[in-house]
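Trainee: Could we go through this one together? I'd like to see how each label gets justified.

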There are 2 protein chains.
Amino acid sequence: MFTVSAKTQYAIRAMTCLAKMEGRYATSLEIAQAENIPAKYLEGIMRRLKVAGLVDSERGKKGGYRMVLDPSAIKMLDIVEAIEGRIKPVTCVDKAELCSMGAACLPRRFWVGLKAAIDGYLAEHTLKDVAEG
Amino acid sequence: MFTVSAKTQYAIRAMTCLAKMEGRYATSLEIAQAENIPAKYLEGIMRRLKVAGLVDSERGKKGGYRMVLDPSAIKMLDIVEAIEGRIKPVTCVDKAELCSMGAACLPRRFWVGLKAAIDGYLAEHTLKDVAEG
DNA sequence: CTATATTCCTATTAAACCGATAGGAATAAT
DNA sequence: ATTATTCCTATCGGTTTAATAGGAATATAG
Ligand code: FES
Ligand code: FES
């Protein structure tokens, strides 16, 4: 339970890889080979990281992806949310009106608290922390 | 991401329902109707809760399930683990030898910490807390 | 002893999700 | 023009999940 998808694990490995490049471009293929990730699959992942503003990209020859932020400024939560979207232990944490039991839904506070605990942990660790172990 | 399965949510609702019964027996069907859970599906869930020692059961007429512990003594982690087994954000948190990157696996500490954060939250909230909101 | 109500067990189904692949369009350098 | 890359969409096979089905074991009631 609460397993982290391969996609997210790949994203984290790719980001640690890019972090070592200190702003230089690396292609999707290079990262895939360095980190042992299916190349074509990684393409989609890198695109999501870009949409989230965590990396920058350039097309064509000499293109690739590069890190635009300092690894210490990238929260692990940023990476996770870039890939998976907002964390929702149950669908109703965002929309109380979905609660089958109405406004008096008892477990709701519990789930909201769980989300806060997970978000909290992920937000207080940066890519730099993880890349350095 | 980190979504809680329907099975676990059902289990929690069923436990809060039983908690209100103060030790009296309730049948699987009664709980299902009270909590709006597919009856036949709930049977398997109740059985797991029993195996975990969280409830007691009696077969035949007048049978059913009953709470044997004080709700304040039941950690939410107990319920979650009864249904889902140990929480593992990544498979290698339990077995470091599985780490694709060997002993020097950098993200490992991060995942172990995440598990600790989730387990911690779930262990410091009891069924009583949740049942009362 | 029979009928009934329940837990208990196993198998099966339908749908959703996930990891991965395929094929190509757009774009930039050579 | 050729080549190398990001970008986009579709699809496939496998796994998981929610739910159902059917019945064996067991206890109570009459
Ligand atoms: S119904 Fe899920 S928190 Fe209310
Ligand atoms: S390979 Fe997963 S934590 Fe090491």
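Mentor: Happy to. Keep in mind that this is a predicted model. Let's begin with A:D119: apart from its neighbours within four places in sequence, A:D119 is in contact with A:L77 and A:I87.

Trainee: Where does A:D119 sit in chain A?

Mentor: A:D119 belongs to helix α5, residues 108–123 of chain A.

Trainee: Why is A:D119 called buried?

Mentor: The relative accessible area of A:D119 is 15%, and buried means under 20%. The value falls under the cut-off, so A:D119 counts as buried.

Trainee: What makes the pair A:D119 and A:K115 a polar contact?

Mentor: The side chains of A:D119 and A:K115 come to 2.7 Å, and the limit for a pair of N or O atoms is 3.5 Å. That's why the pair gets the label.

Trainee: On to the two chains. How do you know that chain A and chain B are related as by a two-fold rotation axis?

Mentor: Chain A can be laid on chain B by a turn of 180°, with a shift of 0.0 Å along the axis and an RMSD of 0.1 Å. The two copies are therefore related as by a two-fold rotation axis.

Trainee: Which residue of chain A comes closest to the rotation axis?

Mentor: That's A:F2, whose C-alpha is at 2.3 Å.

Trainee: What makes you say that the copies meet through the same surface?

Mentor: Of the interface residues of chain A, 100% are also interface residues in chain B, so the surface is the same on both copies. As for the count, 35 residues of chain A are in contact with 35 residues of chain B.

Trainee: How much area do chain A and chain B bury between them?

Mentor: About 3,100 Å², with 77% of it on carbon and sulfur atoms. On the chain A side, A:M1, A:F2 and A:F110 supply 26% of the area buried against chain B, more than any other three residues.

Trainee: What about F2 in the other copy: is B:F2 buried or exposed?

Mentor: B:F2 has a relative accessible area of 4%. Buried means under 20%, so B:F2 is buried. B:F2 lies in the segment before α1 of chain B, and its phi is near 55°, a positive value in a residue other than glycine.

Trainee: And why is B:N36 called exposed?

Mentor: Its relative accessible area is 65%, and exposed means over 50%. B:N36 clears that cut-off, so the label is exposed. B:N36 is in the loop between α2 (28–35) and α3 of chain B, and phi of B:N36 is also positive, near 60°.

Trainee: Now the DNA. Which residues come nearest to strand D?

Mentor: There are 24 residues around DNA strand D, and A:S28, A:E43, A:S57, B:K40 and B:R59 come nearest. By class, that surface has five nonpolar, seven polar and 12 charged residues. The largest share, four residues, comes from α3(A).

Trainee: What makes A:S57 a polar contact of DNA strand D?

Mentor: A polar side-chain atom of A:S57 lies 2.7 Å from a phosphate oxygen of the strand. With the limit at 3.5 Å, the pair of A:S57 qualifies. The side chain of A:Y65 also has an N or O atom at 3.0 Å from a phosphate oxygen, while B:R59 has a polar side-chain atom 3.3 Å from a sugar or linking oxygen.

Trainee: How much of what the protein approaches on strand D is sugar or phosphate?

Mentor: Of the strand D atoms within 4 Å of the protein, 67% belong to sugar or phosphate and the rest to bases.

Trainee: Which residues come nearest to DNA strand C?

Mentor: Of the 24 residues around strand C, the nearest are A:K40, A:R59, B:S28, B:E43 and B:S57. Sugar and phosphate account for 66% of the strand C atoms that come within 4 Å of the protein. α3(B) gives the most to this surface, with four residues.

Trainee: How do you know that B:K40 makes a polar contact with a base of strand C?

Mentor: A polar side-chain atom of B:K40 lies 3.5 Å from a base nitrogen of DNA strand C, and the rule is within 3.5 Å. Backbone atoms take part too: one N or O of B:S28 lies 2.7 Å from a phosphate oxygen of strand C, and a polar backbone atom of A:A6 is 2.9 Å from a phosphate oxygen.

Terms used. Residues are numbered from 1 along each chain as its sequence is written. Chains are lettered from A and ligands numbered from 1 in the order in which they are written. This is a predicted model: local features need pLDDT of at least 70, side-chain atom pairs count only at pLDDT 80 or more; totals for chains, interfaces and linings use all residues. Side-chain values use heavy atoms; hydrogens and water are left out. A residue is near a molecule or strand if one of its heavy atoms lies within 4 Å of it. A polar contact is a pair of N or O atoms within 3.5 Å; within protein, one must be able to donate a hydrogen and the other to accept it, and residues adjacent in sequence count only if both atoms are side-chain atoms. Helices (H or I, at least four residues) and strands (E, at least two) are DSSP runs, numbered from the N terminus. Ala, Val, Leu, Ile, Met, Phe, Trp, Tyr, Cys and Pro count as nonpolar, Asp, Glu, Lys and Arg as charged, and the others, Gly among them, as polar. Buried means under 20% relative accessible area, exposed over 50%, partly exposed in between (1.4 Å probe, protein chains only). Contact means heavy atoms within 4.5 Å. Copies are superposed by least squares on the C-alpha atoms of residues with pLDDT of at least 70 in both. Buried area is the accessible area (1.4 Å probe) that two parts lose on being put together, summed over both.
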